[in-house]
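Me: I'd like a close look at a single part of this one, please, rather than a tour of everything. Pick a part that lets you follow its partners outward, and take me through it in one connected account.

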Amino acid sequence: MYRFSIKGEKWILRFSPQLIIDIEVKQAVLKSLMEIGNELSEYSHGEAFLMFTKEIGAIVFDVERMPSFILTVSNIIPEENWYAHENSLKQTK
């Protein structure tokens, strides 16, 4: 668990117990969060957001604002596990 402050708000960053990741990855996640900084205040309690990084992949964050400001990393998805789905529905005349 990490504690950090942005725009006067004190946040807690925690990682889901199902994630087994190195401390270096955890610190890289925190560093990435510090780069988006002020945008964190835009998320409401119960929302989630994704952050994409070249080094780590897609990081899934869950936002809690009660009783404290808490971000939980619920999953990290490496780029090799990303799939793009093209819309296969075509309009007919």
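Reply: Happy to! A definition comes first: two strands are said to pair if DSSP finds at least two bridges between them. With that in hand, let's look at strand E2, keeping in mind that the model is predicted.

Strand E2 covers residues 9-15, and it belongs to an open sheet of five strands in the order E1-E2-E5-E4-E3. The pairing in this sheet is mixed, and strand E2 shows both senses. With E1, the pairing is antiparallel over five bridges; with strand E5 (residues 69-77), it is parallel, again over five bridges. The edges of the sheet belong to strand E1 (2-6) and strand E3 (48-53): each has a single partner strand, so one side of each lacks a neighbour in the sheet. On average, neighbouring strands here are turned by 30 degrees against each other, direction ignored.

On the E1 side, Ser5 has Lys10 of E2 as its bridge partner. The two strands form a hairpin with two residues between them, and there Lys7 adopts a positive phi near 55 degrees.

On the E5 side, you can follow the pairing residue by residue. Arg14 stands opposite Thr72, and Phe15 has Val73 as its bridge partner. Just beyond is Ser16, in the loop between E2 and H1. Setting aside residues up to four places away in sequence, Ser16 touches Thr72, Val73 and Ser74. Ser16 counts as buried because its relative accessibility is 12%, where buried means under 20%.

How much of E2 itself is covered? Five of its seven residues are buried, so the strand is mostly covered. Part of the setting is helix H1 (residues 23-36), which packs on the sheet and touches E1, E2, E3, strand E4 (57-64) and E5. The direction of this helix makes about 10 degrees with that of E1. One of the residues in helix H1 is Ser32, buried at a relative accessible area of 12%. Apart from neighbours within four places in sequence, Ser32 is in contact with Met51 and Thr53.

Now for the charges, where E2 is involved twice. Side chains of opposite charge can pair when their charged atoms come close. The count here comes to two salt bridges. In one, the side chains of Glu9 and Arg65 meet at 3.8 Å, N to O. Because Glu9 lies in strand E2 and Arg65 in the loop between E4 and E5, this pair ties together parts that are 56 residues apart in sequence. Both Glu9 and Arg65 are buried. The other salt bridge joins Glu64 and Arg14, with the closest N and O atoms 2.5 Å apart. Here Glu64 lies in strand E4 and Arg14 in strand E2, so the parts tied together are 50 residues apart in sequence. As for exposure, Glu64 is partly exposed with a relative accessible area of 22%, and Arg14 is partly exposed at 33%.

To pull this together, Arg14 combines two roles in the picture: it stands opposite Thr72 in E5 and forms a salt bridge with Glu64. Strand E2, in turn, is paired with E1 in the antiparallel sense and with E5 in the parallel sense.

Methods. Residues numbered from 1 in each chain as written. Predicted model: local features only at pLDDT ≥ 70, side-chain atom pairs only at ≥ 80, totals over all residues. Heavy atoms only, no water. Helix = DSSP H or I, 4+ residues; strand = E, 2+ residues; numbered from the N terminus. Axes fitted to C-alpha atoms, helices over the stretch in contact; angles between N-to-C directions. Contact = heavy atoms within 4.5 Å. Buried < 20%, exposed > 50% of the residue type's maximum accessible area, 1.4 Å probe, protein only. Salt bridge = Lys/Arg side-chain N within 4 Å of Asp/Glu carboxyl O.
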